Structure formats: structure tokens, C-alpha cells
Amino acid sequence: MLHNVRDNYIISVKDHVSQFEEKSFRKLASNDFKSWPSPREETWRLSRLGVLSRKEITPITPNFKKQISSVSKFNGSKIIRFVDGAFREDLSSKLPPGSSLNILGEEDSLRCFHKFKDSNLKDHPSTNVSFSCTPSIVKLTIEKDVKIRDLFEIIYEGGDDDSSVHPALYIELKDKSSITIIERFNHLSSLIMPLQLVELKKNASINSLKIFNDNQHSYNLSANCTFLSEKSNYNSFSLIKGGLFTRSETHAYLKGENCNLNLNGVYLSSKNQHHDLTTAIYHDVPNCTSKQIVRGVLGGKSTGVFQGKVRVAPDAQKTDGQQMSKAILLSENAIANAKPELEIYADDVICAHGATVGEIEDDQLFYLKSRGISEKKAKQILITAFLKDIINESVTESMQNFVFEEAELALSEIISKEI
Amino acid sequence: MPLLEIKNAKLKLDDKDILKGLSLSVNSGEVHAIMGPNGSGKSTLSYMLAGRDGYELESGEVFLEGQSLSDMEADKRARSGLFLAFQYPVELPGVGGMSFLREAVNSRRKFLGEEELDHLAFVKEARKVASKMFVKDEMLKRAVNVGFSGGEKKRFEILQMAMLMPKVSILDETDSGLDVDALKIVSDGVNEQRNEENAIVVITHYQRLLDYIVPDFVHILSDGNIIKSGGPELALEVEKNGYVGLINAA
């Protein structure tokens with residue numbers, strides 16, 4: 001029988017699943033994967049996956065002997081490595097007391113799967129494909145009252161042309177625990193579909209930094225589902241600079257009172273890159289705060305997308321939800337789309353959103369030039385300040401320089417072409 | 001040779017004639033005041049001189065030390081020794097005061113063939129000048145003009161002037177938004193920089209500023225042209241009779 005390319009991927013996902021046991025969560029997931037989202041679906045209208053339907057891709061079978069190429073960027077960090085989507089214990093650090101990594105068995109995996117299927121990520125392509133194809137779901141647990149001082153550095157790499165990779169990570173922070181995690185995505189695959197489930201129990205706190213820097217031909221469709229309990233704190237910053245198409249989608253459910261969420265991000269896009277930060281924040285209970293600040297700098301024929309939804313349930317009084325997105329276009333052919341959405345069913349809330357897309361402000365440029373600073377240098381100064389501002393606001397002090405240097409590399413590439 | 005020479009400058013904005021053949025000659029060691037009512041073209045004149053995009057002359061010419069400014073961008077004009085103190089200094093979020101000053105000063109030094117200052121030498125110099133202007137160290141660490149009071153913004157403008165040592169300074173309504181004490185500090189800062197090698201053009205509505213920065217010449221700007229020139233006594237005449245009397249007489 002002849003199949004078109006799109007059907008081929010669905011078949012190869014099912015073939016991949018058949019390697020595993022019959023009664024598996026994989027089977028359930030693979031049955032739910034019918035096609036790529038259509039551009040008629042509202043959340044995929046601005047980020048179309050049509051190209052994937054025309055690509056020959058198959059889920060990768062991890063090579064456990066593969067050499068690694070990404071080195072740690074921090075002295076003394078605890079490294080957790082995923083290669084070809086599979087956890088590599090042999091290449092990872094021994095974790096400090098109070099923290100552990102486990103590969104989930106069938107039952108726990110199924111539970112994890114249902115958390116996603118009960119969320120609004122249920123139809124996200126990564127949900128179904130990656131639960132079908134992930135080598136295993138890995139769980140990082142931080143025990144009660146444990147404050148991890150070491151930086152955890154999670155490095156994802158591997159993959160090859162025409163393959164898809166499916167790392168799946170479940171992070172659980174028990175009561176009053178805390179940690180700082182940096183995740184770096186450095187894949188070579190055509191398609192990367194990372195899944196992440198985060199559960200923050202009472203008074204738990206996480207600082208999360210994600211740097212998306214996959215191969216320039218890659219599609220990365222990252223899906224993150226986060227649950228916050230009472231008085232927990234999730235502070236997240238994403239820097240998207242690599243890949244041909246990178247979409248980082250985060251759904252956060254604020255389930256306990258007095259919790260706090262920051263979902264900030266920066267995208268730096270050039271050539272024909274497409275970068276997308278999509279978020280959905282569900283305020284289900286009163287007295288929580290959420291904040292999103294997103295900034296983008298675009299050159300070439302690149303596209304940037306910010307879609308942010310804040311839903312405030314009828315009972316979620318005294319919610320404070322803020323969204324702000326700003327993009328600077330350095331090229332006439334670049335496009336920035338911003339779609340902030342507020343859905344408010346409670347009446348005693350403070351919610352605000354704003355979005356601007358534009359060029360560098362004339363007033364500021366003229367002010368710098370009137371001080372003898374060349375136009376090129378003045379633009380560099382202003383764009384750098386535009387990013388430094390949000391990085392300093394979003395990232396803990398010890399990480400600011402690192403993030404800024406990571407951003408600067410991509411920025412200088414955009415600036416050198418456009419200014 | 002005059003330091004600044006404006007010859008028959010004509011300029012249109014949105015098809016409307018704003019400057020209508022203005023001429024002015026400023027020699028080294030001189031302070032000129034240009035006074036005029038709202039809408040007379042004062043701010044247009046300062047933007048035109050500084051080289052803001054969109055404020056190019058339709059005809060006429062401007063010379064700085066004999067060199068034509070027509071094809072010179074704002075940054076090169078500044079490096080060549082022209083300085084504009086803004087009526088409304090622009091906020092630059094995320095741009096630190098000290099690094100901004102250093103970038104500006106080193107651009108000018110490079111142009112003059114002088115060695116660029118390293119960080120330490122620069123900070124030392126900036127602090128010295130800043131303390132004279134009552135600009136606190138803490139202000140230099142903040143982002144440029146962000147959260148500054150009206151007085152702080154103007155003091156920071158004059159601090160930049162002192163650091164850049166321009167040949168010709170244009171002060172655009174430097175007195176606006178200042179109380180008496182701030183006005184005195186700013187004026188003292190300007191006066192300290194007066195010497196035989198440079199020149200200052202003060203653009204203002206009111207005579208008040210000219211009690212502190214005493215000009216050698218006063219010009220009345222009305223409807224895009226200088227209609228009367230004289231000594232400091234002309235400013236007192238404006239104060240006494242308003243612009244209307246002068247404009248009607250012209």
C-alpha cells in the first residue's frame with residue numbers, strides 16, 4: 001500500500017511503539033496521534049507545521065554508545081544528560097543527597113501520561129508522539145525540606161537527520177524544597193519533542209532556565225505542564241535562539257493559594273527562523289500572582305510569536321496576572337506576532353496585558369547619536385539594553401552573565417547582518 | 001572664521017515653512033541667546049543644527065568651524081564638537097549612565113586623535129566632573145535619565161557637556177522644569193565651561209535663565225526668522241513688553 005509522507009510518520013510512530021509491551025501507555029498515546037495540528041486550530045494558526053507533513057522522519061532508536069559533543073558550561077554543576085532522548089546515567093553526575101533520578105515504570109508512566117491528557121496539552125503533538133516514542137520517562141525528585149545548592153545542568157543532545165527525539169522528564173519538588181535548573185537543548189535531529197511535567201508541592205521553589213539552541217534545521221516542539229501547590233514558586237526564563245522552528249509551550253496550573261509564577265522569555269531570530277513562546281496560565285484559586293515578560297529581536301525573514309493566555313476561574317479572586325510582550329524588528333521582512341489573551345471570570349482581580357512590535361525608537365537613537373555615538377553602535381547599545389533589562393529582571397544574579405553571553409552570540413549575528 | 005555660521009536656512013516640516021531664511025553667526029568666546037514665543041521655530045532650529053533625521057535644510061547652509069554640516073550625520077556633528085542639551089532628555093532603560101558617558105567621550109576623543117580612556121581613568125574623571133555638577137555617583141550607576149527628576153536630567157545634560165568639551169553648545173530650553181536652586185546649579189555648570197575657545201547658544205522662552213547665563217548677544221526668533229538682535233538689554237525688553245510688541249514693531 002502506498003502512503004503519503006504524513007501517514008508514514010504516523011505509521012513509523014506505531015511501528016516504534018510495537019517494540020514495547022502491548023498494554024502500554026505508549027499504545028494509548030499512539031492511537032491518539034492522528035495528524036499534525038492544522039493551521040485552522042487557533043493555537044497553531046501562527047505557527048504552522050505543514051512542512052512536517054512533507055518530511056520523511058522516523059522516531060530514533062537511541063544509541064547508548066554515542067559520543068557527546070556538548071560540554072558543561074558551569075564549574076561544579078550536577079549534569080544530567082539525555083542523548084537521543086534517552087537518559088544516560090553513565091554520562092551524568094552523581095546527585096547530591098535529597099535528590100534522585102529514576103526511570104519510571106509502567107504504572108507511574110501511565111499516571112504521568114494522564115496528567116498531560118487531563119490538561120489542555122492533551123492534543124499537543126508532542127504529548128501523543130513523545131509518550132509513544134520516549135525511551136523512558138525520567139523522574140527527578142527533590143525530597144521534602146531539601147534546598148539544593150548545586151546547579152543542575154540538564155543537557156539534551158543527539159539525534160540525527162530525519163529522526164525525531166523524545167526526551168521526557170518529570171520533576172517533582174516535595175514540600176519546602178528548592179532547586180535551580182538550567183536546561184540546554186542542543187539536538188541535531190529534524191524533530192525534537194521534549195515533554196516535561198513539573199509538580200511543585202507546598203512551599204517548593206524552582207528557578208528554571210531553558211536555552212533552546214538546536215541545529216539550524218531542527219523543529220523543536222517542547223511541551224511543559226506545570227502544577228503549583230500552595231505557596232510554591234516557579235520562576236522560569238527561556239532563551240530561544242536556535243533551530244529552524246522552535247516552539248516552547250508551557251501550561252501552568254495554579255492550584256494552591258499564594259503561589260507565584262514568572263514565565264519570562266526572549267527570542268532572538270534571524271534568517272528564516274520561526275520562534276514561538278506559547279503559554280497558558282490557569283488561575284484556579286485565589287491570591288496567586290503570575291507574570292510574563294517576553295521580548296524578541298528579529299532580523300532576516302524570521303518570525304516571532306508570543307501567545308499567552310491567562311484564565312482566571314470564578315473563584316480565583318485577588319489574582320494578579322500581568323503579561324507584556326515587546327519585539328524589535330531589525331529587518332523589513334521579519335514578522336512578530338503577539339496574541340495576549342485574558343479570560344477572566346472573577347471580579348476582584350488585577351490583570352493587565354500589553355504588546356508592542358516596532359523598530360528601535362527614533363528618540364533614543366537620536367539621543368545617542370547626538371552624543372557622538374555612531375548609528376551602528378547606538379543600535380547595538382539600545383538592543384543590548386533591551387535584553388539586559390529583562391535578563392536582569394528574570395534571572396538570578398549568578399546566572400545573569402551566562403545568559404547574557406548566550407544571548408549576545410545570537411544577537412551579534414542578527415546585528416551584523418541588519419545594522 | 002565664526003565657530004558656527006547659519007546662512008539663510010530654510011526648512012519645512014510637513015509642507016509647512018518653519019525656518020524661513022534664518023542667518024546667524026557665532027564667534028568663539030561668545031554666548032548668544034535666541035528667544036522666541038511658542039511655535040517660532042526654536043526647537044526645530046536646535047534639531048536642525050544637531051542633525052536629527054527629518055530636519056534637513058531645504059536650502060541654505062550651516063558651518064561648524066568652516067566645515068559644512070549638510071552631509072554630516074548627527075553622530076559626526078557631535079564628534080566634531082557640536083553639542084545639544086535637550087529640552088526633554090530621553091530615557092534609556094538598561095543603558096548605564098557611566099558606560100553611556102564613556103562611549104560618548106571616547107567617540108569624541110577618538111575623533112580628535114586622542115587616546116581613549118580606560119575604564120578606571122574614565123570613572124575617575126567622570127566622578128570629578130560629576131561632583132562639581134552635584135551629580136551623585138549613584139545617579140551614574142542608574143540607567144540614563146530613567147527615574148531622574150527634572151533637575152537631575154538637566155544636570156546630567158550639562159555634565160555630558162562638560163565631559164565632551166564641545167566647540168559649540170546649543171542649550172534648548174535648559175531652564176524648563178527647573179526650580180531656582182536647580183537653575184543656579186545648572187547655570188553655574190554652564191558658566192564654568194565658558195571660555196575663549198568655545199561658544200554657547202542658549203535657546204529660551206524666558207529672560208529668567210539669562211540672569212544666570214549672561215549672553216553677549218540676544219536674538220528674537222519669530223515665525224522662522226530672527227527679527228531683531230541686540231545685547232542683553234533686548235532680553236529685558238522682552239520681559240517688560242512681551243514678544244508681541246517686538247514682533248509688531250518688526
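## Reading sheets, helices and a chain contact

Mentor: Let's start with a small piece of this predicted model. In chain A, strand β3 (residues 86-87) runs antiparallel to β2(A), and two bridges join them.

Trainee: Happy to start there. How are strands in a sheet held to one another, in general?

Mentor: Strands of a sheet pair through backbone hydrogen bonds, and the pairing is either parallel or antiparallel. In this structure, A:Phe82 of β2(A) stands opposite A:Phe87 in β3(A).

Trainee: How many residues lie between β2(A) and β3(A) in their hairpin, and what is the phi of A:Asp84 in the turn?

Mentor: Two residues separate the strands of that hairpin, and A:Asp84 has a positive phi of about 55 degrees.

Trainee: Which strand do six bridges join to β2(A)?

Mentor: That is strand β6 (residues 147-158) of chain A, and it runs parallel to β2(A). To find this pairing in the viewer, look for A:Ile79, which stands opposite A:Glu153 in β6(A).

Trainee: Is strand β2 (residues 78-83) of chain A mostly covered or mostly open?

Mentor: Mostly covered: of its six residues, five are buried.

Trainee: Let's zoom out. What is the strand order of the open sheet in chain A?

Mentor: Ten strands make up the sheet, in the order β3-β2-β6-β9-β12-β14-β16-β18-β20-β22, and the pairing is mixed. The edge strands are β3 and β22 (350-358) of chain A, each of which pairs on one side only.

Trainee: And further along the order, how many bridges join β12 to β14 in chain A?

Mentor: Eight bridges join strand β12 (residues 205-212) to strand β14 (residues 233-240), and these two run parallel. As an example, A:Ser205 has A:Asn233 in β14(A) as its bridge partner.

Trainee: Which strands does α6(A) touch where it packs on the sheet?

Mentor: α6(A) touches β14, β16 (260-269), β18 (289-298) and β20 (320-329) of chain A, and its direction makes about 155 degrees with that of β18(A). Helix α7 (residues 397-418) of chain A lies across β12, β14, β16 and β18, running at about 30 degrees to β16(A).

Trainee: How do α6(A) and α7(A) pack against each other?

Mentor: Their axes are 10 Å apart, and the packing angle is about 150 degrees. Angles over 145 degrees count as roughly antiparallel, and α6(A) and α7(A) are therefore roughly antiparallel to each other. Their crossing is right-handed.

Trainee: Which residues make that contact?

Mentor: From α6(A), they include A:Ile383, A:Leu387 and A:Ile391; from α7(A), they include A:Val403, A:Phe404 and A:Leu411. By class, the residues of this contact divide into eight nonpolar, three polar and one charged.

Trainee: Now the two chains. How is the size of an interface usually expressed?

Mentor: It is often given as the accessible area lost when the parts come together. Here we can count residues instead: 16 residues of chain A are in contact with 18 residues of chain B. On the chain A side, α5 (362-369) and α6 (375-394) are the elements that give two or more residues, and α6(A) gives the most, with six residues. That side has six nonpolar, four polar and six charged residues.

Trainee: One last stop, in chain B. Why can helix α1 (residues 42-50) be called largely enclosed?

Mentor: Because eight of its nine residues are buried, α1(B) is largely enclosed by the rest of the structure. Among the buried ones are B:Leu45, B:Tyr47 and B:Met48. Just after this helix, B:Gly51 takes a positive phi of about 90 degrees.

Definitions and conventions: Residues numbered from 1 in each chain as written. Chains lettered and ligands numbered in written order. Predicted model: local features only at pLDDT ≥ 70, side-chain atom pairs only at ≥ 80, totals over all residues. Contact = placed C-beta atoms within 7 Å. Helix = DSSP H or I, 4+ residues; strand = E, 2+ residues; numbered from the N terminus. Nonpolar A, V, L, I, M, F, W, Y, C, P; charged D, E, K, R; others polar. Buried ≥ 20, exposed ≤ 12 C-beta atoms within 10 Å, placed from the backbone. Pairing = 2+ DSSP bridges. Axes fitted to C-alpha atoms, helices over the stretch in contact; angles between N-to-C directions. Parallel < 35°, antiparallel > 145°, perpendicular 65-115°, else oblique. Left-handed = near helix turned anticlockwise from the far one by under 90°.
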